[in-house]
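Biologist: I'd like to learn how to read a model like this one. Please take me through it one feature at a time.

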Amino acid sequence: MTPASTAARAVEVLSGLRLAVLTGAGLSTDSGIPDYRGPDSPPRTPMTYQQFVADPAFRRHYWARNHVGWAHVHRTLPNAGHRALTALEARGVVVGVITQNVDLLHEEAGTRNVIDLHGRYDRVICLSCATVISRTELAGRLDALNPGFAESIGRVADIEIAPDADAVIETTAHFTVADCDRCGGLLKPEIVYFGESVPKERVARAFALVDSADALLVAGSSLTVMSGLRFVRHAAKTGQPVVIVNRGATRGDPFATLKLDAGTSETLTELAETLPPLP
Ligand SMILES: [Zn+2]
């Protein structure tokens, strides 16, 4: 089957409908950020919130890798899939995007209504006093505490980068972590980790976005975690058509009106070229 005829089936289902869109790591792989749950990815054990708060050695290792990885994500550019969703939003077809990605590529591509379900890589929060600082500010502090560290790791391009701005490197024993400069509390990326819940207010906004649309389009998510799957179940239960575009099986497939085993860049580009504008 050609990609053209694949997307044509989605157009049949979605034409004339206002879409809420749920995106996952598969959407950003064409920007060079690997999807660690994708069909071709090596198995990877994600960090849990409990590990992060309980174990200083683990935290040091985490921050050392994040210090290398975040700069890579910071330089990453949106791809055709992100741009297609921006075009569909501008034409009234997409009402908003709920993303499980923390890379901010939807915002970078110009999409206006974005809910960053799992947080964003460019902010850091104090777990004691809830002060939020920018990752850029923290980078300056970590550079000062660890002179020469980033350079000693070598070229970032040679290092595996995970979607949460984590990088796989070995030598982190001498890395010095920065604590909150207001209260001395633990700093953590403002990202929802395994073992953590998405803030209730954010979940409520995401459900409201789904309810404000006529159909749900899922792009590049295997829907492995409930934080995303619940929107698919909700849409199906309320009678909305659900279209899933993803390489490989997803947990949402039983709820889908149409499942396309296809790449997001080409499929979304064709949808953007084919779906008629809405008032
Ligand atoms: Zn603090």
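**From a hairpin to a cluster of cysteines**

Modeller: Let's start with a detail: in the hairpin of β4 and β5, with 5 residues between the strands, Ala 130 takes a positive phi near 65°. The strand names are DSSP runs numbered from the N terminus (E, at least two residues, for strands; H or I, at least four, for helices). Keep in mind that this is a predicted model: local features need pLDDT of at least 70 and side-chain atom pairs count only at pLDDT 80 or more, while totals for chains, interfaces and linings use all residues. Residue numbers start from 1 along each chain, following the sequence as written.

Biologist: Which bridges join β4 to β5?

Modeller: In general, strands of a sheet pair through backbone hydrogen bonds, either parallel or antiparallel. To call two strands paired here, DSSP has to find at least two bridges between them. β4 (residues 119-126) and β5 run antiparallel, with 3 bridges. Val 124 stands opposite Ile 133 in β5, and Ile 125 faces Val 132.

Biologist: What is the strand order of the sheet that holds them?

Modeller: This open sheet of 3 strands reads β5-β4-β6, and its pairing is antiparallel. β5 (132-134) and β6 (187-191) each have a single partner strand, so one side of each has no neighbour in the sheet. Direction ignored, neighbouring strands are turned by 40° against each other on average; axes are lines fitted to C-alpha atoms, for helices over the stretch in contact, and angles run from 0 to 180 degrees between N-to-C directions. On the β6 side, 4 bridges tie β4 to β6, and one pair is Gly 119 with Ile 191.

Biologist: In what order do the 6 strands of the other open sheet come?

Modeller: Read it as β3-β2-β1-β7-β8-β9, with parallel pairing. At the edges sit β3 (114-116) and β9 (258-260), each paired on one side only. The twist averages 15° from one strand to the next. Out at β9, 3 bridges connect it to β8 (residues 242-245), including Val 243 with Leu 258.

Biologist: And which strands does helix α4 lie across?

Modeller: Helix α4 (residues 80-90) lies across β1 (19-23), β2 (94-99) and β7 (215-219), at about 145° to β2. Helix α9 (residues 226-237) lies across β1, β2, β7 and β8, at about 150° to β7.

Biologist: How many residues are in the largest nonpolar core?

Modeller: A nonpolar core is a set of buried Ala, Val, Leu, Ile, Met, Phe, Trp, Tyr and Cys residues joined through C-beta atoms within 7 Å. Buried takes 20 or more other C-beta atoms within 10 Å of a residue's own, exposed 12 or fewer, partly exposed anything in between, with C-beta atoms placed from the backbone. The largest core has 40 residues, and Val 21, Leu 88, Leu 216, Val 218 and Val 242 have the most contacts inside it. Beyond residues up to four places away in sequence, Val 21 touches Leu 85, Val 94, Val 97, Leu 217 and Ala 219; contact requires C-beta atoms, placed from the backbone, within 7 Å. Apart from this core lies another of 7 residues, among them Ile 33, Val 73, Tyr 121 and Ile 191.

Biologist: Which residue does UniProt list for "active site"?

Modeller: His 118, in an unreviewed entry. UniProt positions follow the numbering used here, with shortened feature names, and annotations may be inferred rather than shown by experiment. His 118 sits in the loop between β3 and β4.

Biologist: Is His 118 buried or exposed?

Modeller: His 118 counts as buried because it has 22 C-beta neighbours inside 10 Å. Past four places in sequence, its contacts are Gln 100, Val 102, Ile 191, Val 192 and Val 198.

Biologist: Which residues does UniProt list for "binding site"?

Modeller: The unreviewed entry gives Cys 126, Cys 129, Cys 180 and Cys 183. They span 58 residues in sequence, but no two of their C-alpha atoms are more than 8.6 Å apart, so they gather at one spot. Cys 180 lies in the loop between α7 (149-153) and β6, and Cys 183 belongs to the loop between α7 and β6. Cys 180 is partly exposed because it has 18 C-beta neighbours inside 10 Å. With 13 such neighbours, Cys 183 counts as partly exposed too. Leaving aside residues up to four places away in sequence, Cys 183 touches Cys 126, Ser 128 and Cys 129.

Notes: Two residues are in contact if their C-beta atoms, placed from the backbone, lie within 7 Å.
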